[in-house]
Amino acid sequence: MFTKMVLLFVIFLNIYVSLASDPDPVQDFCIANTAESATASNAIQCKNSSLATVEDFVYSGIKSPGKFGQTGLSAISVNSNVFPGLNTLGMSFVRADFEVGGVNVPHYHPRATETAFVLEGKIYSGFVDTNNKIFAKVIERGEVMVFPKGLVHFQMNVGDTPATILGSFNSQNPGLQRIPTSIFGSGIKDELLEKAFGLSSKEIAKLKKKLSPH
Ligand SMILES: *[C@@H]1O[C@H](CO)[C@@H](O)[C@H](O)[C@H]1NC(C)=O
């Protein structure tokens, strides 16, 4: 009997852990009160719910692409920091636009699985699992790919027209770490990078110059 209960408990715990993402809300909504939460350390205050309006639940900042970066990508992340209405609801999204040949560099989201739906264009799209096995192919308008939580993934517009995707996340704040900048743009000691990548100090300097934030 006891062993059965322990077994059930372990099974339950496993299911619970494998389903865990952002905590469940305990009220209808909690529009982040950005003015107040700037002073509150970690706990985000809710805006007084009787003062909520429909505008708190609408975001209009992704009608068109944003500014394109060096790799031919424009990505507008719509998380709870920019869209306070998402606070406590466990989801967020991103609009990404690609110039012809544009690249979304290898990166990952520590706190969310992502589904990427192609609105327009042809995108070479993929991820790498923890065995370094790659799962990649060209997906087209109307197709969707899932990038499992925390795994490195990437995209490139391989069509001859601009491309657009809508990414959705099962966290209000998925987080983003781009591999090139987190490695070469963060100030890790040159000697370590030379050894890790088998590159000369000159090559490291070149990468650091290109990928440093300033
Ligand atoms: C929320 O707003 C309503 C209407 O202005 C007010 O009556 C109520 O006291 C407010 N609640 C809090 C907790 O401030």
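Let me begin with a definition: helices, which are H or I runs of at least four residues, and strands, which are E runs of at least two, are DSSP runs numbered from the N terminus. By that definition, E114 has its place in strand 4, residues 114-120.

Before going further, I should say that this is a predicted model, in which local features need pLDDT of at least 70 and side-chain atom pairs count only at pLDDT 80 or more, while totals for chains, interfaces and linings use all residues. Residues are numbered from 1 along each chain as its sequence is written.

Why call E114 buried? A residue is buried if 20 or more other C-beta atoms, placed from the backbone, lie within 10 Å of its own, exposed if 12 or fewer, and partly exposed in between. E114 has 23 such atoms within 10 Å, and is therefore buried. Leaving aside neighbours within four places in sequence, E114 is in contact (C-beta atoms, placed from the backbone, within 7 Å) with H109, F147, G167, S168 and F169.

H109 appears again in the record, because UniProt, in an unreviewed entry, lists N104, H109 and E114 under "binding site"; the positions follow the numbering used here, feature names are shortened, and annotations may be inferred rather than shown by experiment.

Turning to N104, this residue sits in strand 3, residues 103-108, and is buried because 24 other C-beta atoms lie within 10 Å. Beyond residues up to four places away in sequence, N104 touches L73, A96, F154 and Q155.

Finally, Q70, in the loop between helix 2 (34-37) and strand 1 (73-78), is exposed, since 10 other C-beta atoms lie within 10 Å. Q70 and V103 are 33 residues apart in sequence, with 9.1 Å between their C-alpha atoms.

Note on methods
Contact = placed C-beta atoms within 7 Å.
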